[in-house]
Amino acid sequence: MKTVKDMSEITGVSIRTLRYYDEIGLLNPTEITKAGYRLYDNKALEKLQEIMFFRELEIPLIDIKKIMDNPNYDKEQALLTQKSLLEQKRNRLNGIIELITDVMKGVNTMSFEAFSNEEVQKMVNHTLECMSKESLHEQVQKYGNMEKYKEHLVSGFANEQAVADLLKWYGSKEKAMEAVMQTTGSGKEIKQEQEENARIYKHFMTAKKAGNMDMAHSAVEMLAENYKTMFALDNARNILLDLAKEYLKGEKLAETADSQFGKGCAEYVAHAIQHYYGA
């Protein structure tokens, strides 16, 4: 049997808090001696641990008591739920820590300054220079002539939502421009990146089949690294969360992923990304 002091030293919960838990009937001592000392057995210690998990999730004491007093309360299921929710909380905090790290490096994560006409023209011209002759010819044919295709490219930078997303991914227009200007259009590089993406998505589907969330998280980490390479990003968190949102819409992007890697792929990848980042 353990005293109140023992319980406090083992768990870090103050003696005052343990006494309060007793007063409200949340955690009663196993035994009270004739001298008035509260004693707790191992079962009580386990219950206190469960209460601590609930408190980490910021659940009010009154609600914790209702949950644990319910005759249908399933301890094992409660622990699984707590574990999942705490993982999401941890991942959300990890995402915030990543953003703080970026800010400390001098990356402005909240800049929404629009591109100037000169900057847009510079990026469009660079994009055209990097395109293969076959791709450029195909796009010119699609839009009628070169000028109309240029207008189409320029219009993308006039779309406020598209620009806001771009700046959110890169943190500033300077970073976004730098990434665009680093593009080489190398077919070999693009092929390697696409092959790596396919390998990662197959990893996701293996995780899906096995029901292994740790494996799915590993795939998210690999996908983040590949996206950093593909798009010259410092941090892939925002672009992956946006990808997850698109997948959950169940539209063309999701259909493409499902047709290439198997039914339910897009939805599974989306939930894995959201779970990893605690979104």
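This is a short talk about helix packing, nonpolar cores and a few single residues in one structure.

Hi everyone, thanks for having me. One thing before we start: what you have in front of you is a predicted model.

Let's begin with helix 11 and helix 12. Helix 11 covers residues 187-210 and helix 12 covers residues 213-231, and the two pack with their axes 9 Å apart at an angle of about 165 degrees. Angles over 145 degrees count as roughly antiparallel, so helix 11 is roughly antiparallel to helix 12. As for handedness, helix 11 passes helix 12 in a left-handed crossing. If you'd like to highlight the contact, helix 11 brings residues including Glu193, Ile200, Phe204 and Ala207, while helix 12 brings, among them, Ala219, Leu223, Asn226 and Met230. And what is the make-up of the contact of helix 11 with helix 12 in nonpolar, polar and charged residues? There are 12 nonpolar, six polar and three charged ones.

One of those residues deserves a closer look, and that's Glu193, which sits in helix 11. Is Glu193 buried or exposed? Its relative accessible area is 17%, and buried means under 20%, so Glu193 counts as buried. Setting aside residues up to four places away in sequence, Glu193 touches Asn226, Thr229 and Met230. Asn226, Thr229 and Met230 are also on the helix 12 side of the contact we just went through.

Now on to the cores. In soluble globular proteins, nonpolar side chains tend to be buried together. Here, the largest nonpolar core has 49 residues, and the members that touch the most others are Phe115, Phe204, Leu223, Leu240, Tyr247 and Ile273. Which helix gives this core its largest share? That would be helix 15, residues 265-276, with eight residues. You may recognise Phe204 and Leu223, since both take part in the contact between helix 11 and helix 12. Phe115 is worth clicking on too: beyond its neighbours within four places in sequence, its contacts include Val120, Phe157, Leu166, Lys173 and Met177. Apart from this core lies another one, of 17 residues, with Val13, Tyr21, Leu26 and Tyr40 among them.

Let's turn to a second helix pair. Helix 3, residues 42-56, and helix 4, residues 61-69, have axes that come within 10 Å and cross at roughly 130 degrees. Helix 3 and helix 4 are therefore oblique to each other, and their crossing is right-handed. On the helix 3 side the contact is made by Lys47, Glu50, Ile51, Phe54 and Arg55, and on the helix 4 side by Leu61, Ile64, Ile67 and Met68. By type, that contact divides into six nonpolar residues, no polar ones and three charged ones.

Tyr73 belongs to this part of the story. Tyr73 is in the loop between helix 4 and helix 5, and at 23% relative accessibility it counts as partly exposed. Leaving out neighbours within four places in sequence, Tyr73 is in contact with Glu50, Phe54, Ile67, Met68 and Ala78.

Last stop, for the backbone enthusiasts: two positive phi values outside glycine. Glu58, in the loop between helix 3 and helix 4, has phi near 65 degrees. With a relative accessible area of 64%, Glu58 is exposed. The other is Ala232, with phi of about 55 degrees, in the loop between helix 12 and helix 13. At 31% relative accessibility, Ala232 counts as partly exposed.

That's my tour, and I'm happy to take questions.

Methods
Residues numbered from 1 in each chain as written. Predicted model: local features only at pLDDT ≥ 70, side-chain atom pairs only at ≥ 80, totals over all residues. Heavy atoms only, no water. Axes fitted to C-alpha atoms, helices over the stretch in contact; angles between N-to-C directions. Helix = DSSP H or I, 4+ residues; strand = E, 2+ residues; numbered from the N terminus. Parallel < 35°, antiparallel > 145°, perpendicular 65-115°, else oblique. Left-handed = near helix turned anticlockwise from the far one by under 90°. Contact = heavy atoms within 4.5 Å. Nonpolar A, V, L, I, M, F, W, Y, C, P; charged D, E, K, R; others polar. Core = buried A, V, L, I, M, F, W, Y, C linked by side-chain atoms within 4.5 Å. Buried < 20%, exposed > 50% of the residue type's maximum accessible area, 1.4 Å probe, protein only.
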